[in-house]
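Me: Hi, could you help me read this protein chain? I'd like to go through it slowly, one topic at a time.
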Amino acid sequence: DNTYEVKIDNEKVESGELEADWDFLKPKKIKDPEAKKPEDWDEREKIDDPEDTKPEDWEKPEHIPDPDAKKPDDWDDEMDGEWEPPMIDNPDYKGEWKPKQIDNPAYKGKWVHPEIDNPEYEEDAALYLQRKPIGHIGFDLWQVKSGTIFDNILITDDADYAAKVGEETWGETKDAEKKMKEEQDEVEKKQREEEEKARKESEEEQGKEEGDEDEGEEDDEEEDEDELHDEL
């Protein structure tokens, strides 16, 4: 009946119709090539209020000279040039003025292109049939960790038989594989923790050694100063 069903772990996770969900056939409907949006069709839901005007005191600069800034006492106009106070943000700056928005009385909504029956569409009652021999199987995947296993590949047109084979193969090994995966994850976790612990201990030891070297250098400098003092 040209429907499909996807199962994971023998549980349905997706289903639908081949023609509706996939581009196997030409579309039933197409946009009418003769239809065009009227020139006076207004799709703007909001427009600028023609009665709204910009306040006279709106125009303010975004930055102004700092009124608290003072010319440094050591400023030399001949050497340093003419002194100018630094600029600061203007607290009275209101940004770019825009008129308020109102409902557009001429708004007609979004124009929808009318559709017509596609003359190239042909129904295929046998869309589900695989007309050519299947010579290869491909997996297009993305994964971030190795260790995925692919086995027990079955191609059949019998859904009940596929479920039976799934239980006899994957169903018999899934629990053991899950347990093995959990044990492997635990071993890797402990290994990472031990490596992190060793790294921190190494950094602490290195820091201690560098501290001892600094103290030794300070002692040597003090001894040199004492010898110099004795010589003087």
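Me: What share of the residues in the chain is buried?
Reply: This is a predicted model, and in it buried residues account for 8% of the 232 residues in the chain.

Me: OK, and how many helices and strands are there?
Reply: The chain has four helices and eight strands, and, if you follow the sequence from its start, they come in the pattern β-β-α-β-β-β-α-β-β-β-α-α.

Me: Is the whole thing spread out or compact?
Reply: The chain is more spread out than a compact globule, because its radius of gyration is 40 Å, which is well over the 17 Å that the globule rule gives for 232 residues. Along the principal axes, its C-alpha atoms fill a box of roughly 110 × 75 × 25 Å.

Me: Which helix does Q206 lie in?
Reply: Q206 lies in helix α4, which covers residues 170-231.

Me: And how far is Q206 from T173?
Reply: Their C-alpha atoms are separated by 49 Å, and the two residues are 33 residues apart along the chain.

Me: Is Q206 buried, partly exposed or exposed?
Reply: Q206 is partly exposed, because its relative accessible area of 44% falls between the cut-offs of 20% for buried and 50% for exposed.

Me: Switching topic, how much surface does the chain expose?
Reply: The chain exposes about 21300 Å², and carbon and sulfur atoms supply 47% of that area.

Me: What about the charges?
Reply: The chain carries 34 positive and 86 negative charges, and the mean positions of these two groups are 14 Å apart.

Methods. Residues numbered from 1 in each chain as written. Predicted model: local features only at pLDDT ≥ 70, side-chain atom pairs only at ≥ 80, totals over all residues. Heavy atoms only, no water. Helix = DSSP H or I, 4+ residues; strand = E, 2+ residues; numbered from the N terminus. Rg over C-alpha atoms; globule rule 2.2 N^0.38 Å. Buried < 20%, exposed > 50% of the residue type's maximum accessible area, 1.4 Å probe, protein only. Areas by Shrake-Rupley, 256 points an atom, 1.4 Å probe, with all protein chains shown as cover. Lys, Arg positive; Asp, Glu negative; His and termini not counted. Charge placed at Lys NZ, Arg CZ, Asp CG, Glu CD.
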